[in-house]
Amino acid sequence: MRISALEGQRVALWGFGREGRAAWSALRRRFPVQPLTVFCPAGEREQVDALGDAALQIEHEPTPERLAGFDVVIKSPGISPYSPLAEQARALGAVFTSGTALWFAEQLPGRTLCITGTKGKSTTSALTAHLLRAAGLRVGLAGNIGLPLLELIDAPQVPDVWVIELSSYQAADARAPDVAMVLNLFPEHLDWHGSEARYFADKLALIDRARPGHVLLDARDARLQAWAKGHRDVAWFGDRSGWHLRGEHAYRADECVFDAARMPLSGEHNRINLCAALTAIDALGIDARPLARHAATFHSLPHRLQRLGVRDGIEYVDDSISTTPHASLAALDCFRDRPVAILVGGYDRGVDWQAFAERVAVDPPLVVIAMGQNGPRIHALLSAQARRGYRLELAGDLESALSSARRALGSDGVVLLSPGAPSFPTFRDYADRGRRFAELAGFHDSMSDAMPGLGIR
């Protein structure tokens with residue numbers, strides 16, 4: 001469905017976060033006086049009123065009947081299509097679309113590279129854009145990374161390449177990208193998707209249903225290997241036929257290309273992200289080998305293993321983006337040669353922490369401090385271990401967890417915020433949690449939330 005098809009239709013916006021505002025703006029540039037309705041919480045009414053749009057009606061409580069009364073409802077990504085309200089509305093004839101779907105339907109010029117995965121997609125997307133720009137190309141970096149696609153739909157400049165990060169909420173809405181990449185699959189967002197199987201299916205929709213020109217997958221991921229058995233023409237990274245690591249060096253097949261230790265990013269997972277980025281560039285028909293060296297000038301994104309600084313001998317690291325136990329383990333691997341106090345826990349999505357418990361039993365940090373809604377569950381699981389080579393504490397909130405970490409470390413080590421769980425309802429989002437951590441650690445004034453490289457440049 002193209003945006004032009006919405007002219008004269010009864011259109012509603014369901015949700016008025018950044019994606020909803022981008023959809024409103026795109027519609028208003030085309031249909032300045034067409035009546036629109038927005039469904040949003042009462043707390044957002046002031047933002048909507050500030051637009052001064054006389055043709056925009058505000059409603060706060062959608063019902064299935066009300067949603068079905070529109071010709072098209074543009075749904076924000078955070079609203080699950082599997083919720084009872086959405087399913088009942090669909091049964092009554094409601095038609096849903098999204099900003100992502102509308103953008104792809106426009107078929108704008110420029111090659112498209114779509115990247116999804118449970119973890120690493122923002123870093124890989126931004127790193128790929130950084131390397132392509134080093135090649136002299138104009139690149140549009142947008143999507144789930146922090147800039148809705150519809151914000152760029154009327155940009156005066158057309159990029160050579162679109163690098164688009166897609167969440168599991170958005171992957172099914174992509175259409176015919178030139179290159180589609182899935183980095184990895186671990187259980188996440190089960191409350192939105194309803195089940196682990198549906199989460200994986202929604203992620204894989206990018207390569208199952210979007211009809212990409214090239215499919216790129218991580219050879220080390222067993223779930224992606226299983227998917228590929230029924231498919232042909234898959235390009236792999238992470239094995240010796242393509243871009244992969246040998247120690248800290250990035251190889252393309254048997255050619256050593258780049259010392260990935262020169263990247264200012266911590267962890268083997270980020271070196272694998274580099275291999276993924278280089279694989280994507282090759283898939284676009286560009287020789288990635290001469291571009292690999294530019295990874296040395298790429299910097300970590302906010303709240304992703306972000307080193308805030310040192311206070312009284314203790315280093316503080318903000319990995320608030322971590323919302324799975326697997327991500328917390330990857331963060332721990334970056335500091336395995338130092339005393340670490342890791343802060344874990346947050347909103348309880350029912351994700352299994354057994355793998356985390358097994359790993360820290362074998363390769364323990366100095367202390368694990370559980371907090372948040374699922375903190376007691378994590379604490380109980382770890383307490384049941386027969387052998388434990390680390391201290392275990394339970395904290396009521398982030399501030400008390402940080403105090404416990406300082407006491408445990410004394411004057412040397414790392415306080416690592418890598419919660420392995422979402423931030424709400426205590427915080428608005430992972431960025432809000434990271435800002436609070438930085439503030440408590442004494443670094444709030446010196447840190448930035450700015451996501452580098454967004455937009456067309």
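Here, Ala, Val, Leu, Ile, Met, Phe, Trp, Tyr, Cys and Pro count as nonpolar, Asp, Glu, Lys and Arg as charged, and the others, Gly among them, as polar.

## About the model

This is a predicted model, so to speak of local features takes pLDDT of at least 70, side-chain atom pairs count only at pLDDT 80 or more, and totals for chains, interfaces and linings use all residues. Residues are numbered from 1 along each chain as its sequence is written, and side-chain values use heavy atoms, with hydrogens and water left out.

## The second largest pocket

A pocket here is an open set of points on a 1 Å grid over the protein atoms alone, where a 1.4 Å probe fits, with protein on both sides within 12 Å along at least five of seven lines; lining residues have an atom within 4 Å of a point. The second largest one has a volume of about 450 Å³ (the space filled by probe spheres set on the points, which are joined across faces, edges and corners). It has 24 lining residues, and Phe 96, Thr 97, Ser 98, Ala 172 and Asp 173 sit closest to its centre.

By class, that lining splits into 12 nonpolar, 6 polar and 6 charged residues. Helix 5 chips in the most, with 4 residues. Helices (H or I, at least four residues) and strands (E, at least two) are DSSP runs, numbered from the N terminus.

## The open sheet

Over in the sheet, 6 strands line up in the order 15-16-20-17-18-19, with mixed pairing. Strands pair if DSSP finds at least two bridges between them. Strand 15 (306-311) and strand 19 (391-394) are the edges. Strands 17 (340-344) and 20 (413-417) run parallel, joined by 4 bridges; Val 340 has Val 414 as its bridge partner.
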